[in-house]
Amino acid sequence: MDSTQSSKGTKIECLLFDMDDTLYPMSSGLNMACRKNIEEYMLHHLKIEESEVPKMCLDLYKEHGTTMAGLKALGYEFDNDEFHAYIHGRLPYEKLKPDPVLRNILLSTPQRKIIFTNADKAHAVQVLYRLGLEDCFEGIICFETLNNTPLEPDNYDDKVDSSLVDSANFYLDEPDEFGLFTARESIDHTHSDVSAPKSRILCKPSQKAIEAAIRIADIDPKKTIFFDDSVRNIASAKTAGLHTVIVGSSVLVPGADLALSSIHNMREALPEIWEGEEDQLEPVMQSTAVETVVLA
Ligand SMILES: [Mg+2]
């Protein structure tokens, strides 16, 4: 891991995790089910031509970080909460099983641990609950965290002055019933300016979204390791100065310091996380270590 070698001696203080397809494998089927729901929404609610939907769905996801963000950027108007409820409400969450191996790994790490997902809070809470990881993280930075204020569309793109974003709109609440912090409330800005032709969504891989997450979590990117399965998110995170790990890949991608085929391999691949913690490890942790296949 080049960057951690060059920063040898720099203590890692925070682990920042994407959630979907990072904390559980793509093979769970949730990703495909989610895409199918999005395509149905585009077809039935936005009346997009059926033959165009699959390619458009994928292209917008790649270009904007989420298909939802891409649809908004194109000028489609719909309620954010309704969209999230439609695409996540019918997901086969039962396919996600408790992951005690990952749970033990996470609980053994001395660093702050934070989720940074483009998904909405309800989905994040559901996924973490199903994985048995609901108490492993200090907080969640999610859709509502980054999109809780009706910023004017003209101000709301990658050219926006970061001080505008920083000044009033991003904050964390006290931990909620799940012990998680998220935005205090979600403000529906679909109706805030009905004449607005576009409503931009702030999400990864936007540089502004990653910088906002860094400010919200109050972390030092040089002392933070970021885990994500998205090639574009990894590239943006590296530009923001984070140490980066591409998850679910056996090969390095541009901007990645390390590739992990599974998040389960982090103990073997990133021993620096536990540096100085050896004496505190519980025996159960050592016995549950997973074989590592790491290409770095
Ligand atoms: Mg992901």
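Let's start with helix 7 (residues 121-131), whose buried residues are Lys121, His123, Ala124, Val127, Leu128 and Leu131. These residues span an arc of only 160° around the axis, which means that they sit on the same side of helix 7. Please keep in mind that this is a predicted model.

**Around helix 7**

- An α-helix has 3.6 residues a turn, so residues three or four places apart point the same way.
- What do the buried residues of helix 7 pack against? Their partners are two helices, helix 5 (80-88) and helix 8 (143-146), along with strand 2 (112-116) and strand 3 (139-141).
- Gly132 comes just after helix 7 and adopts a positive phi of about 70°.

**Where helix 3 meets helix 4**

- Helix 3 (residues 53-64) packs with helix 4 (residues 67-74) at an angle of about 95°, and their axes are 7 Å apart.
- Since angles of 65 to 115 degrees count as roughly perpendicular, helix 3 and helix 4 are therefore roughly perpendicular to each other.
- On the helix 3 side, the contact involves Cys57, Leu60, Tyr61, Glu63 and His64; helix 4 contributes Thr67, Ala69, Gly70, Leu71 and Ala73.
- By character, the residues of this contact between helix 3 and helix 4 are six nonpolar, three polar and one charged.

**The protein as a whole**

- The protein has 13 helices and seven strands.
- It has 296 residues, of which 39% count as buried.
- Among contacts in the protein with a separation of 6 or more, 69% come from residues 24 or more positions apart.

Methods: Residues numbered from 1 in each chain as written. Predicted model: local features only at pLDDT ≥ 70, side-chain atom pairs only at ≥ 80, totals over all residues. Buried ≥ 20, exposed ≤ 12 C-beta atoms within 10 Å, placed from the backbone. Helix = DSSP H or I, 4+ residues; strand = E, 2+ residues; numbered from the N terminus. Arc of directions from axis to C-beta. Contact = placed C-beta atoms within 7 Å. Axes fitted to C-alpha atoms, helices over the stretch in contact; angles between N-to-C directions. Parallel < 35°, antiparallel > 145°, perpendicular 65-115°, else oblique. Nonpolar A, V, L, I, M, F, W, Y, C, P; charged D, E, K, R; others polar.
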